[in-house]
Amino acid sequence: MTAMTHYNRPGKSVHFFNGIVAWLADRGITLAGARTLEVRGRKSGNLQRIPVNPLRLGGRTYLIGARGDTQWSRNVRAAGSCALRGGRNAVTYRALEVALEDKPVVLRPYLKRWGWEVGALMPVKITAKSTDAELLSAAGSIPVFELIAQPRT
């Protein structure tokens with residue numbers, strides 16, 4: 001996968017809001033389908049937690065880094081796995097990065113569902129109504145992972 005450089009760093013108010021959304025998701029109260037992503041930090045080894053909007057599409061689950069090459073996306077890439085938590089339920093996934101040419105198929109429905117929330121965070125101005133060429137042009141700076149549920153051990 002090509003190296004990504006865009007990262008729309010969140011401000012302090014976003015950290016505060018993310019904390020509230022994660023707290024709610026951990027108790028089974030989701031805002032627009034949010035879940036708490038849990039992934040080991042690639043440098044610290046500590047468990048990192050952040051609210052995310054996983055997309056279910058065609059029986060598959062995807063995770064999209066709307067802010068670009070975020071710390072969580074770098075951690076998921078390095079670890080190759082993560083967990084999504086909603087209430088008491090946590091599912092562990094193997095994370096596979098989606099090929100550049102396949103990203104528009106995932107980005108369009110993601111933007112249709114959450115564009116109101118994440119549109120301003122994207123590295124370039126794209127919407128669910130963007131052309132395939134515009135989505136493909138932006139796709140190189142937006143991490144997209146397919147999550148494959150792992151059996152419980």
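Is Trp-114 buried or exposed? Let us settle that first, then work through a few exercises on this chain.

The model is predicted, so local features need pLDDT of at least 70 and side-chain atom pairs count only at pLDDT 80 or more, while totals for chains, interfaces and linings use all residues. Residues are numbered from 1 along each chain as its sequence is written, and side-chain values use heavy atoms, leaving out hydrogens and water.

**Exercise 1. Classify Trp-114 and its aromatic partner by burial.**

Step 1: Recall the scale: buried means under 20% relative accessible area, exposed over 50%, and partly exposed in between (1.4 Å probe, protein chains only).
Step 2: Trp-114 has 0% relative accessibility, so Trp-114 is buried.
Step 3: Tyr-110 has a relative accessible area of 2%, so Tyr-110 is buried too.

**Exercise 2. Find the aromatic pairs and describe their geometry.**

Step 1: Take the rule: rings of Phe, Tyr and Trp (its six-membered ring) pair if their centres lie within 6.5 Å; planes under 30 degrees apart are stacked, over 60 edge-to-face, and the rest tilted.
Step 2: Applying this rule gives two aromatic pairs.
Step 3: Trp-72 and Phe-145 have ring centres 6.4 Å apart and planes at 50 degrees, so this pair is tilted.
Step 4: Place the partners, with helices (H or I, at least four residues) and strands (E, at least two) taken as DSSP runs numbered from the N terminus. Trp-72 sits in helix H2 (residues 71–79) and Phe-145 in strand S7 (residues 144–149), 73 residues apart, so to speak a link between distant parts of the chain.
Step 5: Check burial: Trp-72 is buried at 11% relative accessibility, and Phe-145 is buried at 1%.
Step 6: Tyr-110 and Trp-114 make a tilted pair, with 5.4 Å from centre to centre and 50 degrees between the planes. Both belong to helix H3 (residues 103–118), four residues apart, or about one turn of the helix.

**Exercise 3. Lay out the sheet and the helices that pack on it.**

Step 1: Count the elements: the protein chain has four helices and seven strands.
Step 2: Order the strands, where two strands pair if DSSP finds at least two bridges between them. The open sheet of seven strands runs S2-S1-S5-S6-S7-S4-S3, with antiparallel pairing.
Step 3: Strand S2 (47–52) and strand S3 (55–57) are the edges, each pairing on one side only.
Step 4: Look at one pairing: strand S5 (residues 81–86) and strand S6 (residues 89–97) are antiparallel over six bridges, and Cys-82 has Tyr-93 as its bridge partner in S6.
Step 5: Add a helix, with axes as lines fitted to C-alpha atoms (for helices over the stretch in contact) and angles from 0 to 180 degrees between N-to-C directions. H2 lies across strand S1 (35–40), S2, strand S4 (60–64), S5, S6 and S7, at about 55 degrees to S1.
Step 6: H3 packs on the sheet as well, touching S3, S4 and S7, and its direction makes about 120 degrees with that of S3.

**Exercise 4. Locate the nonpolar cores.**

Step 1: A nonpolar core is a set of buried Ala, Val, Leu, Ile, Met, Phe, Trp, Tyr and Cys residues joined through side-chain atoms within 4.5 Å.
Step 2: The largest core has 19 residues, and Ile-64, Tyr-110, Met-122, Ile-142 and Val-144 touch the most other members.
Step 3: H3 gives the most to this core, with six residues.
Step 4: A second, separate core of twelve residues includes Leu-63, Trp-72, Phe-145 and Leu-147.

Definitions and conventions. Contact means heavy atoms within 4.5 Å.
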